[in-house]
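Student: Please give me a close look at one part of this model, the packing of one helix pair. Then connect that part to the rest of the chain.

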Amino acid sequence: MAATTTTAASINAGAGGGGGGEDRVLATAQQIVKSLNTPKEVREDMLLIFSSFDNRLSNIKTAMTNQEEDQNDALVARLEAAESVIHRWDGGNDSSRHSSSSSGNYRSSSFSLSFDESPEEATEFLSAVDEIISLLEDLSSENKPDMVDRADSALQMAMSQLEDEFRRILIRNTVPLDAERLYGSMRRVSLSFADGDVVEDFENFGLVADGDGSGSRRRLFHERGGSIGCDLWVDLINPTAVEDLKEIAERMIRAGYEKECVQVYSTVRRDALDECLMILGVEKLSIEEVQKIDWKSMDEKMKKWIQAVKITVRVLLVGEKKICDEIFSSSESSKEVCFNETTKSCVMQMLNFGEAVAIGRRSSEKLFRILDMYDALANVLQTLEVMVTDCFVCNETKGVLEALGDAARGTFVEFENNVRNETSKRPTTNGEVHPMIRYVMNYMKLIVDYAATLNSLLENDELNGLSGDDSTEEMSPLAKRILGLITSLESNLEEKSKLYEDGGLQHVFMMNNIYYIVQKVKDSELGKLLGDDWVRKRRGQIRQYATGYLRASWSRVLSALRDESMGGSSSGSPSYGQRSNNSSKMALKERFRGFNASFEELYRLQTAWKVPDPQLREELRISISEKVIPAYRAFFGRNRSQLEGGRHAGKYIKYTPDDLESYLPDLFEGTQLVIHHPRRKS
């Protein structure tokens with residue numbers, strides 16, 4: 001009652017001032033009643049109280065009732081107008097909507113309904129939705145449950161239509177991934193060998209022969225794939241449709257249908273990203289299915305996975321994030337939830353394959369692909385963590401990365417063990433480079449390209465087979481492991497050289513293989529890891545093996561050329577002198593005969609021996625020439641006259657020094673030759 005008295009006083013205060021005062025009093029009273037926001041019954045009681053204070057307020061109830069009716073009529077008119085637009089497109093138009101949506105034609109507009117691609121009608125529909133939302137906001141302070149129910153029903157109908165249209169626009173305007181264009185934009189990096197080495201597969205190394213297993217020799221070749229430039233970009237959704245999707249999303253979020261909108265978007269785009277993975281060659285495979293795949297097929301799948309990880313994260317997910325942020329710009333929470341839900345499936349599909357590879361059987365041939373997979377995932381991890389806020393996905397990614405690192409480290413250790421334990425008893429028949437050495441050295445040339453990754457993975461590993469000293473203290477983890485591997489190779493070669501009965505061939509075998517190792521080290525990044533001192537020491541070893549070869553192979557030949565007592569006597573007896581001279585000639589003939597037989601046997605054997613490197617081969621021939629030809633030339637010059645003119649002299653003096661020199665270029669070519677008719681140098 002005190003409040004009513006105060007209100008009446010306010011009315012009296014507003015009534016001063018002559019003509020028109022009654023209108024002002026009524027207006028003031030209406031404003032006061034309205035501002036109190038009380039139920040209708042309470043308002044009527046208040047109006048009766050007001051009229052008892054001032055007879056000018058006797059008509060206030062009628063006036064306010066009329067005003068409320070006018071306002072109600074206006075609200076009804078707004079609602080009916082909006083309803084008529086919304087109902088116009090509800091029902092009876094399913095076939096036309098379907099026909100339009102499946103036609104594939106999309107006309108850009110502020111929002112285009114698929115059943116009638118008219119910008120004007122689309123704008124009208126959106127305006128009607130805005131009006132319904134606004135009406136509901138206005139009605140929130142009114143006690144008009146029937147009108148609220150009608151507005152809610154109309155809004156629900158409109159949201160259903162917008163949800164359908166949102167889905168249709170998304171599907172209709174998804175841009176298929178052009179994988180060929182993407183691959184064409186990527187810089188390809190291939191690692192192989194300029195010398196065209198063909199290497200043999202080893203059972204000990206867990207390698208699988210190509211094809212049906214009938215071939216045992218293949219080129220050691222590895223292609224790392226391409227890198228992606230920062231400016232590489234693809235349209236995932238037709239750009240002309242993005243604004244329309246944004247308009248729909250804003251209405252659905254304002255109307256409280258945020259969850260439905262996000263669900264539609266994430267479902268459609270999740271399927272689109274899954275399709276992109278299929279185009280990139282990443283299939284949905286279980287761990288069991290992956291582990292049953294043969295190596296040739298697995299190698300192809302791993303290559304595709306590596307490229308797919310780079311493209312998916314740096315191109316597809318970055319693009320998806322941009323679209324999500326644009327379409328759901330009116331809601332921070334929607335951006336985050338939508339992107340996480342959209343991308344989770346495709347990221348997990350890629351991680352599943354990575355995990356299957358990581359826990360699979362380890363063999364040396366897989367190392368480079370596993371390292372490529374590790375690098376690819378490591379390089380996109382930071383980008384992924386910036387975009388994806390789902391802790392589960394981020395933790396799974398880190399887990400798979402760690403598993404791939406463990407697999408790479410374990411595979412490298414497996415390779416080391418295979419090298420140390422390789423004990424094949426099959427020497428090369430002609431002393432050339434052993435297939436194991438070719439394979440291991442080419443393998444290590446590839447390993448160096450992954451130095452940064454392997455150094456980090458091997459940093460805390462215990463070094464096996466190499467004692468630390470001052471010379472290795474400053475070496476990187478990988479350099480120490482490679483040095484240990486080469487040391488194992490050298491020991492292995494020493495054992496294999498003992499399989500040859502011929503001492504000269506033992507030295508040729510060692511010389512060939514150590515020379516091959518040195519060349520591979522010197523001509524690659526291995527040289528930087530091992531250093532110049534290492535190369536110099538091995539060159540010294542090669543010279544020692546060459547000297548050992550000359551001693552083992554040519555000492556017997558040269559022994560026939562050494563001066564020996566040719567007889568002679570001071571007795572003065574003619575008959576004794578004659579006998580002594582005949583004996584000396586016989587001995588000389590035997591020396592020539594012995595030299596010829598030894599040289600011909602060496603020629604027969606050593607033309608079949610193989611020194612593959614042209615420079616080493618020529619240097620070895622020169623060393624033979626410098627040691628043998630001068631000695632023979634001196635022997636030939638001293639003793640030729642004693643036999644020339646005698647019977648069958650050509651039987652013993654078969655070769656001149658120049659003749660011998662003409663045979664040396666035939667040595668170490670790997671094709672056995674026999675001297676039937678001595679060449680005569682003119």
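Tutor: What follows starts with the helix pair and then moves on to single residues, charged pairs and cysteines.

The model is predicted: local features need pLDDT of at least 70, side-chain atom pairs count only at pLDDT 80 or more, and totals for chains, interfaces and linings use all residues. Residues are numbered from 1 along each chain as its sequence is written, and side-chain values use heavy atoms, with hydrogens and water left out.

The pair is α15 (residues 391-421) and α16 (residues 435-448), whose axes come within 12 Å and cross at roughly 155°. That makes α15 roughly antiparallel to α16, because angles over 145 degrees count as roughly antiparallel, under 35 as roughly parallel, 65 to 115 as roughly perpendicular and the rest as oblique. The axes are lines fitted to C-alpha atoms, for helices over the stretch in contact, and the angle runs from 0 to 180 degrees between N-to-C directions. The crossing of α15 and α16 is left-handed, a term for a near helix turned anticlockwise from the far one by less than a right angle, with clockwise giving right-handed. From α15, Phe 412, Phe 415 and Val 419 meet Tyr 439, Val 440, Tyr 443, Met 444 and Ile 447 of α16; contact here means heavy atoms within 4.5 Å.

Val 419 also leads to another helix. Setting aside neighbours within four places in sequence, Ser 488 is in contact with Val 419 and Arg 420. Ser 488 belongs to helix α19 (residues 477-497). With a relative accessible area of 17%, Ser 488 is buried; the classes are buried under 20%, exposed over 50% and partly exposed in between, with a 1.4 Å probe and protein chains only.

As background, the chain has 26 helices and four strands; these are DSSP runs numbered from the N terminus, with helices being H or I of at least four residues and strands E of at least two. Of the 682 residues in the chain, 48% are buried. Among contacts between residues at least 6 apart in sequence, 79% join residues at least 24 apart.

Trp 295 gives an example of a link across a stretch of sequence. The residue is found in helix α12 (residues 295-327) and counts as buried at 18% relative accessibility. Its C-alpha atom is 8.6 Å from that of Lys 366, which is 71 residues away along the chain. Not counting residues up to four places away in sequence, Trp 295 touches Met 302, Glu 365, Lys 366 and Arg 369.

Next come the charged pairs. The structure holds 32 salt bridges, each being a side-chain nitrogen of Lys or Arg within 4 Å of a carboxyl oxygen of Asp or Glu. One of them joins Glu 165 to Arg 172, with the closest N and O atoms 3.9 Å apart, and both of these residues are buried. Arg 536 and Asp 533 meet at 2.2 Å, N to O. Those two lie in helix α22 (residues 532-559), three residues apart, about one turn of the helix. Arg 536 is exposed, at a relative accessible area of 52%. Glu 590 and Arg 593 form another salt bridge, at 3.2 Å between the closest N and O atoms. Because Glu 590 and Arg 593 are three residues apart in helix α23 (residues 574-606), about one helical turn separates them. Glu 590 is partly exposed at 43% relative accessibility, and Arg 593 is partly exposed at 34%. Asp 130, Glu 247, Arg 251 and Arg 254 are linked in a network of salt bridges.

For the cysteines, a search of the whole structure finds zero disulfides, a disulfide being a pair of cysteine sulfur atoms within 2.5 Å. The sulfur of Cys 338 has its closest cysteine sulfur in Cys 324 at 3.9 Å, too far for a bond, and Cys 338 is buried at 0% relative accessibility. For Cys 394 the closest cysteine sulfur is in Cys 391, 6.6 Å away and also too far for a bond; Cys 394 is buried at 10%.

One backbone detail remains. Phe 668 has a positive phi of about 65° although it is not a glycine. Phe 668 lies in the segment after α26 (657-663) and is buried, with a relative accessible area of 0%.
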